[in-house]
Amino acid sequence: MSAAVLRVDLGAVEANYRLLCRLHAPGAVAGVLKADAYGLGAAAVGARLFAAGCRHFFTATLDEAVALRPHVGDAMIGVLHGADPGVRVLGTVPVLSSLETIRTWAEAGGGDAILHIDTGMSRLGLSGADVATLASAKSLLRRLSIRYLMTHLVSSELPDDPLNRVQLARFAACCEKLPPAPRSIANSSGIFLGPAFVSDLARPGAALFGINPTPAGKNPMRPVVRLQAKVLQVREIGGGETVGYNATWRAARPSRIATVGLGYADGWRRTLSNRGHAGFDGRRVPLVGRVSMDLTTFDVTDAPEIREGAWLDMIGPDRPVDDVAAEAGTNGYEILTSLGPRIRRVHHG
Ligand SMILES: *Cc1c(COP(=O)(O)O)cnc(C)c1O
């Protein structure tokens with residue numbers, strides 16, 4: 001029996017998808033399901049989004065695309081890391097990011113491809129100079145069927161960052177040099193930047209899974225994830241006693257300490273030591289002491305109804321994933337994608 005359960009509300013994923021579709025109209029909306037749909041289970045999430053009408057997906061790797069393929073009908077799966085030219089998987093489309101990979105793909109037969117143009121991330125993508133070179137390589141271009149021209153925003157969660165508009169202008173200038181093709185710009189937060197950022201295909205991941213795409217304001221998305229951990233034991237300790245490795249927390253009064261079966265080996269980050277919280281029945285209980293590999297301790301002195309066998313919300317209705325991330329000193333993306341395989345996934349809704 002697992003002492004930790006991740007409940008994924010597929011109805012909420014679908015509602016989030018529909019909201020993003022309304023905001024991004026008339027452009028289409030893909031589902032970005034890399035890293036096993038941010039840890040939530042790409043097969044179940046993909047099947048639900050396909051049933052809701054989603055016809056475009058993205059994974060990071062070709063292996064992820066192969067695993068997703070049976071669950072998303074005939075939908076396009078874009079592979080962000082590009083593709084192995086020797087391996088053609090039906091309905092998968094490589095995202096090509098360099099002149100070298102474009103040439104290799106063309107030599108291996110060419111065909112469907114998404115071209116990634118770098119407009120400020122300096123990570124993957126064709127530079128402006130690469131685009132100029134490609135634009136004059138007519139025989140190379142003839143061997144490609146460009147499904148999308150794509151770019152990725154650097155600071156879309158910061159609506160006032162001037163870089164957002166700069167990237168739009170750079171992208172438009174690059175696209176004008178290339179044969180006309182549909183365009184793909186916004187990630188989750190980009191969808192909230194307004195009509196100028198609407199393209200033929202948005203590529204949200206995080207917002208589908210309930211992470212706030214507008215961190216300066218209220219979260220417009222429905223929560224998707226509930227991570228519950230079971231209380232394995234409750235003990236009473238005297239004032240002055242300490243909890244956990246290196247005795248980093250000392251009880252100021254006689255206290256009740258609840259230990260749950262979830263630790264940093266499950267992705268419950270050690271930086272939450274003496275900072276995190278759990279939710280229980282609408283209340284917050286403080287995490288005390290160090291998070292250890294398989295166990296985490298909470299001060300439940302003021303919540304006497306928490307007993308052995310109770311389930312605490314580590315992420316849940318009163319514990320938004322963004323709040324957990326803030327306490328851990330990271331973002332919601334890292335919290336979700338860190339959740340390990342020992343946690344049982346249950347899909348509902
Ligand atoms: C991960 C990723 C996305 C999705 O980003 P979110 O912020 O999760 O919506 C979109 N495009 C690219 C290129 C990505 O790598």
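1. Tyr38 and the ligand. In this predicted model, an N or O atom in the side chain of tyrosine 38 is 2.5 Å from an oxygen atom of the ligand. Tyr38 is also among the residues that come nearest to the ligand, together with Lys34, Ser188, Ala206 and Tyr333.

2. Other polar contacts of the ligand. Asparagine 187 places a polar side-chain atom 3.0 Å from an oxygen atom of the ligand. With glycine 205 it is the backbone that takes part: one of its N or O atoms lies 2.8 Å from a ligand oxygen. On its own the ligand has 390 Å² of accessible area, and the protein covers 92% of it.

3. The shell. How many residues surround the ligand? There are 14. By class, the shell divides into 7 nonpolar, 4 polar and 3 charged residues.

4. Where the ligand sits. The ligand is found in the largest pocket. The space in this pocket comes to about 830 Å³. Its lining is made up of 37 residues, and those nearest the centre are Lys34, Tyr38, His152, Asn187 and Tyr333. Three elements give two or more residues each to that lining: helix 2 (34-38), helix 9 (321-328) and helix 10 (332-338).

5. Character of the pocket lining. The lining of the largest pocket divides into 18 nonpolar, 14 polar and 5 charged residues. Lys34, Tyr38 and Tyr333 appear both among the residues nearest the ligand and among those nearest the centre of the pocket.

6. Enclosed space. Rolling a probe the size of a water molecule over the atoms shows where empty space is left. In this structure there is 1 cavity of 30 Å³ or more. The largest cavity has a volume of about 40 Å³. Which residues line the largest cavity? They are His116, Ile117, Asp118, Thr119, Met121, Arg123, Leu124, Thr151 and His152. By class they divide into 3 nonpolar, 4 polar and 2 charged. His152 thus belongs to the lining of the largest cavity and is also one of the residues nearest the centre of the largest pocket.

7. Backbone points to check. Alanine 25 and proline 26 are joined by a cis peptide bond, with omega about 5°. Proline 26 is in the loop that runs between helix 1 (10-24) and strand 2 (28-29). Aspartate 36 is not a glycine, yet has a positive phi of about 55°. Aspartate 36 is part of helix 2, one of the elements that give two or more residues to the lining of the largest pocket.

Notes. Residues are numbered from 1 along each chain as its sequence is written. This is a predicted model: local features need pLDDT of at least 70, side-chain atom pairs count only at pLDDT 80 or more; totals for chains, interfaces and linings use all residues. Side-chain values use heavy atoms; hydrogens and water are left out. A residue is near a molecule or strand if one of its heavy atoms lies within 4 Å of it. A polar contact is a pair of N or O atoms within 3.5 Å; within protein, one must be able to donate a hydrogen and the other to accept it, and residues adjacent in sequence count only if both atoms are side-chain atoms. Accessible areas come from the Shrake-Rupley method with a 1.4 Å probe; for residues, only the protein chains shown count as cover. On a 1 Å grid over the protein atoms alone, a cavity is a set of points where a 1.4 Å probe fits but cannot get out, and a pocket is an open set with protein on both sides within 12 Å along at least five of seven lines; lining residues have an atom within 4 Å of a point. A molecule sits in a cavity or pocket if more than half of its atoms lie within 2 Å of its grid points. Ala, Val, Leu, Ile, Met, Phe, Trp, Tyr, Cys and Pro count as nonpolar, Asp, Glu, Lys and Arg as charged, and the others, Gly among them, as polar. Grid points are joined across faces, edges and corners, and a volume is the space filled by probe spheres set on the points. Helices (H or I, at least four residues) and strands (E, at least two) are DSSP runs, numbered from the N terminus.
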